[in-house]
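Student: I would like to take a close look at a single part of this protein, and I am hoping for one connected explanation that I can follow alongside the structure. Could you choose a strand and walk me through its surroundings with care?

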Amino acid sequence: MRKPLAKDALRQLAEQHGVCVRPLALRRTDTETGVTEVVEVPCGATLAAKCKPCAEWGRRLRIQQIREGWHLADEPAIRPEHPSEDVLALVRVRAHMEFEREALQYQPMHPDERAAQLADLDAGIAELDEALGETDLRGHLTPRERTDRPRRKRSTKRRQDTPDLPRLPVDPRTVGRAYTGHQGKTHRPSMLVTLTLDSHGPVHSHLRRGAYIAPCECGQRHGPNDDVLGTPVDPASYDYRRAALDAIHFARVLDRWWQNVRRAAGWNVQYAGAVELQRRLAPHAHFAIRGTLPRRLLKQIAAATYHQVWWPAFDQPRYTVDRPPVWDVDQQAYVDPKTKQPLTSWAYALDELEEPDARPAYVARLGRIDARGIEQGTKDAERSIRYVTKYVTKDLTDQARPRSDAQKAHFDRLHAELSVLPCSPTCANWLLYGVQPDGVKAGLTPGRCTGKVHQRSTLGFTGRRVLVSRQWSGKTLADHRADNRAWIRAVLAGGMADTDPDVQGDEHDQTAADNPQQYRFELARPEDPDVLPLEHRILRAVSARIRWRTDLDAARQRAAHGLSATAPTLAPAA
């Protein structure tokens, strides 16, 4: 039983050499010649639990993206190309169809005939939108869904219990200010900012100040691996409801934070960062900011940042999970188990919020902010980049997974609170508070909503883990991958251009990008005769990676000996 398993040895070898352990087999068909072949692409997983090589490769790509955009001296050049005549022709036809659909509403005809013609027009519009989606247009020409419901407007007046913020015209620049030293040296510092939610009650903490360990709130000094770290000092007074609601709406608070930062700073501040969980199971975010801002201003913005949740009140549940409202087929609504009266509809509950004295159901706020300057080209800069991307390959709760009974109890209590709170207008938990969910239907079970908010792997946070502003480096991840391919092909001088394992099998993507209409891709079935078993494909990929690494090292040595002392060198990919 102590002998190693063959499949474990294969997986370990693949991870050592950065080979995907779950490659996908795609069948590529050349529409011009009719030739069909099987190509392999990596799975592209972002979590190490699924595929460690792909997740680590994605983390290195994020490191490269943050490094290239953090200390830019010039504005990133983003010049979108003009659409082609073929694309403009499709948009023109789409405009005519939209005009015909609106004109149909004013033509005198029978309602059934109008509905039939509208259905035909909508089918044609859907086909045209699908054709536009296959072009090189970025984004959507129109909203995905056509809705006739009026948009509810909320007051934009700031709350009286928050400090005011300076509001300046936003300058379109994205590069921070440069400073000149005493000896004429130019410094262009940037910042590393950590945003943390407010305290929901004192927790056991390991407080180290140099070699001195400060006492915790409980009066004791805890070690770095103490079993009670992150748990409440007094679980009875810990506000689990507020902790759960802050985690649910933390992503919205971050969006509001960056809006306030740009308005108060007066220029288009760029950022790149990631969201993690603290040991107390509260989400917090680390951001690299291009340029510098006064710490006093950042703290003022943090104190003035909030997000109002305009939902019906859900302070006190009216029903329990074991005795929820029941579905009435005749009324097509959920009714009280005793009185058989239908619950308040979602639209009526929102109408009550239109009253002048209406208050939001909850207000989420930021807590503490830590900021420090980072100089370009220092070890601190590289250390900060790896600190930001440290946990992006792990699940959100992996680094805060409970180890002791006290930590498990804290985890379970927070998850239990999340399981009965509403996560969206369509959440089944609204039934517990006497409100019909939006788009109500039969089969809803409160306490068992399938939303990601209620899962143990998220603990309330469901936003994007990695947050990068649009003008951070002027490139997308696909552009960074293309830069890596170009560097590798330049080093190998075309010798290995067609077998490039280190770019994660993107050869077929590059070929398809050259002529997107030439090839058609579809998933190959494992039982197809030309698809080798997974183990054979991994062994072949490991061998190709080892050979490719050897050739790349030899090419780099030849290039290093062939270049002069003053010739510029190629920067290796991250």
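Tutor: What follows looks at strand β5 and its sheet, and then moves on to some other places in the chain for context.

Please keep in mind from the start that this is a predicted model, and that the values below are computed from it. To set the scene, the protein has 574 residues, of which 39% are buried, and its secondary structure comes to 13 helices and 16 strands. Along its principal axes, the C-alpha trace spans about 85 × 80 × 65 Å.

Let us begin with the strand itself. How many of the seven residues of strand β5, which covers residues 190-196, are buried? Seven of the seven are, so β5 is largely enclosed by the rest of the structure. If you follow the strand in the model, you can sort these residues by the side on which they lie: Ser 190, Leu 192, Thr 194 and Thr 196 are on one side, while Met 191, Val 193 and Leu 195 are on the other, and with all of them buried, both faces of β5 are covered.

Next, consider the sheet to which this strand belongs. It is an open sheet of five strands in the order β14-β5-β9-β8-β15, and the pairing is antiparallel. Its edge strands are β14 and β15 (466-468), each of which pairs on one side only. On average, neighbouring strands of this sheet are turned by 15° against each other, when direction is ignored.

In that order, β5 stands between β14 and β9, and each of these two pairings can be followed down to individual residues. Towards β14, which covers residues 369-374, β5 runs antiparallel and is joined by six bridges; within this pairing, Leu 192 has Arg 372 as its bridge partner. Towards β9, which covers residues 283-289, the pairing is again antiparallel and extends over six bridges. Here Val 193 stands opposite Phe 287, and Leu 195 stands opposite Ala 285.

The residue range of β9 begins at residue 283, and Pro 283 brings us to another feature, because it also appears in the lining of the largest cavity. The structure holds one cavity of 30 Å³ or more, and about 50 Å³ of space lies in the largest cavity. Its lining includes His 200, Tyr 238, Arg 280, Leu 281 and Pro 283. By class, this lining has seven nonpolar, two polar and one charged residues. Two helices, α5 (240-248) and α10 (405-419), each supply at least two residues of it.

The sheet around β5 can be set beside another one, made of three strands. This is an open sheet in the order β2-β1-β16, with antiparallel pairing. Its edge strands, each pairing on one side only, are β2 (36-41) and β16 (519-523), and here neighbouring strands are turned by 35° against each other on average, direction again being ignored. Strand β1, residues 24-30, pairs with β2 over six bridges in the antiparallel sense, and Ala 25 has Glu 40 as its bridge partner in β2.

One residue of β1 deserves a closer look, namely Arg 28. Is Arg 28 buried or exposed? Its relative accessible area is 9%, and because the cut-off for buried is under 20%, Arg 28 counts as buried. The side chain of Arg 28 also makes a polar contact with the side chain of Glu 37, at 2.2 Å.

Finally, two residues in loops are worth finding in the model. Leu 459, in the loop between α10 and β15, has a phi near 50°, which is a positive value in a residue other than glycine. Lys 340, in the loop between β12 (333-335) and α8 (346-351), likewise has a positive phi, near 65°. Their surroundings can be described by accessibility: Leu 459 is buried, with a relative accessible area of 1%, whereas Lys 340 is partly exposed, at 44%.

Notes:
Residues numbered from 1 in each chain as written. Predicted model: local features only at pLDDT ≥ 70, side-chain atom pairs only at ≥ 80, totals over all residues. Heavy atoms only, no water. Pairing = 2+ DSSP bridges. Helix = DSSP H or I, 4+ residues; strand = E, 2+ residues; numbered from the N terminus. Axes fitted to C-alpha atoms, helices over the stretch in contact; angles between N-to-C directions. 1 Å grid on protein atoms, 1.4 Å probe; cavity = no way out; pocket = protein on both sides within 12 Å on 5 of 7 lines; lining within 4 Å. Points joined across faces, edges and corners; volume = space filled by probe spheres on them. Nonpolar A, V, L, I, M, F, W, Y, C, P; charged D, E, K, R; others polar. Buried < 20%, exposed > 50% of the residue type's maximum accessible area, 1.4 Å probe, protein only. Polar contact = N/O pair within 3.5 Å; in protein donor to acceptor, adjacent residues only side chain to side chain.
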